[in-house]
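Colleague: I should be grateful for a close look at one part of this model, namely the loops with unusual backbone angles. Please then place that part beside other features of the chain.

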Amino acid sequence: MMVEENQNQVIDTIAGDSTTATLSEDETEVETANTWRNTKELLILHLSNKLLHGDLDFRIEAAREIRKLLRKSPLKSSARSKLADAGVIPPLVPMLISSNIDARHASLLALLNLAVRNERNKIEIVKAGAVPPLIQILKLHNASLGELATAAILTLSAAPANKATIITSGVPPFLVQMLSSGTVQGKVDAVTALHNLSACKEYSASILDATAVSPLIHLLKECKKHSKFAEKATALVEMILSNSEDGRNAITSCEDGILTLVETVEDGSPLSIEHAVGALLSLCRNNRNKYRELILKEGAIPGLLSSTVEGTSKSRDRARILLDLLRETPPEKEMAPLVLEKIVYGIAVQVDGAEKAAETAKKLLQDMVHRSMELSMKSLQHMAASCTTTTDISSKSNS
């Protein structure tokens with residue numbers, strides 16, 4: 001009982017409830033830090049004992065106190081490591097599957113605070129078997145717990161050593177469900193977690209399937225195209241379309257699917273544009289006859305022309321390739337020269353301003369003409385080579 005009273009006094013001191021208000025700000029910070037250093041070993045030992053040997057109520061209390069200490073302590077990084085060294089992680093993990101909702105909630109928050117900004121703790125939490133219980137929580141369809149479980153998976157997925165374990169444990173499908181049914185924060189965390197997991201090259205092609213296309217497109221349609229969230233969502237869409245025929249079919253079935261990608265090319269950040277152009281290019285490369293008209297119908301040309309000038313190195317190359325694929329259209333669908341000149345001039349104004357727009361537009365058009373002539377020359381050379389080969393074969397057969 002005495003230990004608990006001392007602990008509560010220490011926590012209050014760390015939280016700023018002591019009589020140090022009359023000291024200067026610097027002196028208060030030093031005194032608070034010293035107080036924590038002098039008492040942390042006793043607190044950590046106390047909390048570890050409560051988790052290891054206490055009943056469920058004591059363990060719930062200890063989990064809550066861990067979160068409180070980590071939120072209020074001036075030495076959060078050191079405290080996270082010290083608490084892990086004291087063995088608090090293993091007893092927190094089984095609490096995730098307790099029938100007591102308070103136990104699940106308290107342990108989730110404690111583990112989240114232990115994992116934040118601590119790579120070693122992230123790895124230890126996964127090694128302690130936290131991933132299957134987190135999946136069980138996602139299956140409950142409890143909005144509050146589901147949001148916390150998704151945040152925990154997001155945090156744990158930031159550690160490269162954890163990615164394969166999280167993927168092979170079957171987490172991605174539950175994150176995809178969160179894209180449709182989760183809270184706003186849950187959806188954001190699910191996209192970020194999936195993006196983290198996609199960095200695991202060994203399993204990247206199998207992380208997402210066609211079922212993720214519709215919710216991702218919906219989220220992309222609703223968000224700001226230049227946001228970090230849009231960059232991650234567009235990267236995931238590109239990954240699906242690059243690896244899955246079902247995914248490519250899903251984009252045409254999804255309301256405004258291709259249009260949303262075209263709008264991202266027009267309004268996105270450089271990275272969002274790169275992924276959006278890549279997604280459209282994947283469609284056209286895999287089946288030009290099917291997707292070329294659909295892409296042109298959504299007005300992709302102006303954004304792609306702009307991307308050949310303003311985009312990243314990768315998006316410029318992709319945009320040029322895609323424009324070459326899109327140019328194979330029936331004569332009645334080809335863009336009139338005057339319309340093309342107006343579009344290029346508009347791009348030039350954005351790039352170099354109205355004063356230099358005419359000169360810039362001229363250079364852009366010359367570059368496009370030059371590129372077109374190169375392609376035409378290559379085509380003629382190919383045809384000439386084919387004719388020569390045919391002639392040689394005929395000569396040999398006659399002789």
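Modeller: His141 lies in the loop that joins α8 (131–139) and α9 (143–157). The model is a predicted one, and in it the phi of His141 is positive, near 60°, although the residue is not glycine. Most residues other than glycine have a negative phi. His141 counts as exposed because its relative accessibility is 63%, and the cut-off for that class is over 50%.

A second residue of this kind is Asp256, which is not a glycine and has a positive phi of about 60°. Asp256 sits in the loop between α16 (245–253) and α17 (257–267). With a relative accessibility of 34%, Asp256 counts as partly exposed.

Helix α6 (residues 101–115) offers a view of the interior. Of its 15 residues, 12 are buried, so α6 is largely enclosed by the rest of the structure. Among the buried residues of α6 are Arg104, Ser107 and Asn113, together with Leu108, Leu109, Leu111, Leu112 and Leu114. The length of helix α6 is also as expected: at 1.5 Å a residue it should span 21 Å, and its end C-alpha atoms are 21 Å apart.

On the surface, Lys68, Arg71, Lys72, Lys76 and Arg117 form a positive patch. Helix α3 (residues 56–72) contributes 3 residues, the largest share of that patch. Lys72 belongs to helix α3, and its relative accessible area of 44% makes Lys72 partly exposed.

Conventions:
Residues numbered from 1 in each chain as written. Predicted model: local features only at pLDDT ≥ 70, side-chain atom pairs only at ≥ 80, totals over all residues. Heavy atoms only, no water. Patch = residues over 30% accessible without salt bridge, like charges linked within 9 Å, V, L, I, M, F, W, Y side chains within 5 Å. Areas by Shrake-Rupley, 256 points an atom, 1.4 Å probe, with all protein chains shown as cover. Salt bridge = Lys/Arg side-chain N within 4 Å of Asp/Glu carboxyl O. Lys, Arg positive; Asp, Glu negative; His and termini not counted. Charge placed at Lys NZ, Arg CZ, Asp CG, Glu CD. Helix = DSSP H or I, 4+ residues; strand = E, 2+ residues; numbered from the N terminus. Buried < 20%, exposed > 50% of the residue type's maximum accessible area, 1.4 Å probe, protein only. Expected span 1.5 Å × (residues − 1).
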